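Student: Please take a close look at one part of this structure with me. I am new to it, so start from a single residue and work outwards.

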Amino acid sequence: MEITVTINGVQHTDEVEPRTLLVQYIREQVALTGTNIGCDTSSCGACTVHLDGESVKSCTVLAVQADGGDILTIEGLADGDTLHPMQQAFMENHGLQCGFCTPGMVMAATSLLNEIPHPTEDEVRIGLEGNLCRCTGYHNIVKAVLAAAEGAPA
Ligand code: FES
Ligand code: FES
């Protein structure tokens with residue numbers, strides 16, 4: 001089946017199988033490998049991207065379901081060499097260890113701040129509960145999100 005999607009502002013038209021997951025399409029056909037696969041069973045959040053402005057676990061969406069959609073992946077977040085404020089906050093607050101969960105965490109966190117620009121610590125923890133960090137660096141991840149929120153417009 002043919003699909004057309006916009007990923008990080010670039011339009012792609014490709015043939016996919018009906019069973020192809022969005023995360024497989026993004027990684028294997030579009031070759032954007034920043035979006036990770038941690039479980040394939042919708043548990044870990046490593047595959048989180050934005051689809052039409054909403055945070056989704058891309059292993060839970062078929063590529064054909066994203067046809068016509070506007071997708072943002074971790075590769076599209078920075079502005080050239082300038083990190084997105086959330087990426088900067090993760091860096092400054094040591095919000096990562098091995099980094100495997102980080103793209104999904106950052107995408108989920110930016111989506112959270114779009115919905116709640118100034119969350120409480122509890123709201124950050126609840127907002128990110130679908131994203132697992134195997135290095136268990138949650139404290140600094142939450143700190144990073146709160147720091148990014150401080151810089152967010154009121
Ligand atoms: S790979 Fe999608 S939730 Fe784990
Ligand atoms: S930093 Fe290693 S899994 Fe989160």
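**A charged strand residue and its surroundings**

Tutor: Asp 70 is found in strand 5 (residues 70–72). Strands are DSSP runs of E with at least two residues, helices are runs of H or I with at least four, and both are numbered from the N terminus.

A word on the model before we go on. This is a predicted model, where local features need pLDDT of at least 70, side-chain atom pairs count only at pLDDT 80 or more, and totals for chains, interfaces and linings use all residues. Residues are numbered from 1 along each chain as its sequence is written, chains are lettered from A and ligands numbered from 1 in the order written, and side-chain values use heavy atoms, without hydrogens or water.

Is Asp 70 buried or exposed? Neither: its relative accessibility is 43%, so Asp 70 counts as partly exposed. Buried means under 20% relative accessible area, exposed over 50%, and partly exposed in between, with a 1.4 Å probe and protein chains only. The areas come from the Shrake-Rupley method.

Which residues join Asp 70 in a negative surface patch? They are Asp 52, Glu 54 and Glu 115. A patch takes residues with over 30% relative accessible area and no salt bridge, and like charges are joined within 9 Å. Asp and Glu count as negative; Lys and Arg count as positive. The charge is placed at CG of Asp or CD of Glu.

Now turn to helix 3. This helix covers residues 102–115. Its end C-alpha atoms are 20 Å apart, which agrees with the 20 Å expected for its 14 residues. That expected span is 1.5 Å times one less than the number of residues. Of the 14 residues, 12 are buried, so helix 3 is largely enclosed by the rest of the structure. The buried ones include Thr 102, Pro 103, Met 105, Val 106, Leu 112 and Leu 113.

Next, look beside strand 5 in the sequence. Gly 69 and Thr 6 are 63 residues apart in sequence, yet their C-alpha atoms are 6.3 Å apart in space. Thr 6 belongs to strand 1 (residues 2–7). At 21% relative accessibility, Thr 6 is partly exposed. Gly 68 has a partner in this sense too: Thr 13 is 55 residues away in sequence and 9.8 Å away, C-alpha to C-alpha. Thr 13 sits in strand 2 (residues 10–15). With 42% relative accessibility, Thr 13 is partly exposed as well.

Last, the salt bridges. A salt bridge is a side-chain nitrogen of Lys or Arg within 4 Å of a carboxyl oxygen of Asp or Glu. How many are there? The count comes to two. In one, Arg 19 meets Glu 17, with the closest N and O atoms 2.8 Å apart. Arg 19 is exposed at 65%, while Glu 17 is partly exposed at 43%. Glu 121 and Arg 125 also pair, at 3.1 Å from N to O. Both lie in helix 4 (residues 121–127), four residues apart, about one turn. An α-helix has 3.6 residues a turn, so residues three or four places apart point the same way. Glu 121 is partly exposed at 41%, and Arg 125 is partly exposed at 35%.

How values were computed. Patch = residues over 30% accessible without salt bridge, like charges linked within 9 Å, V, L, I, M, F, W, Y side chains within 5 Å. Areas by Shrake-Rupley, 256 points an atom, 1.4 Å probe, with all protein chains shown as cover.
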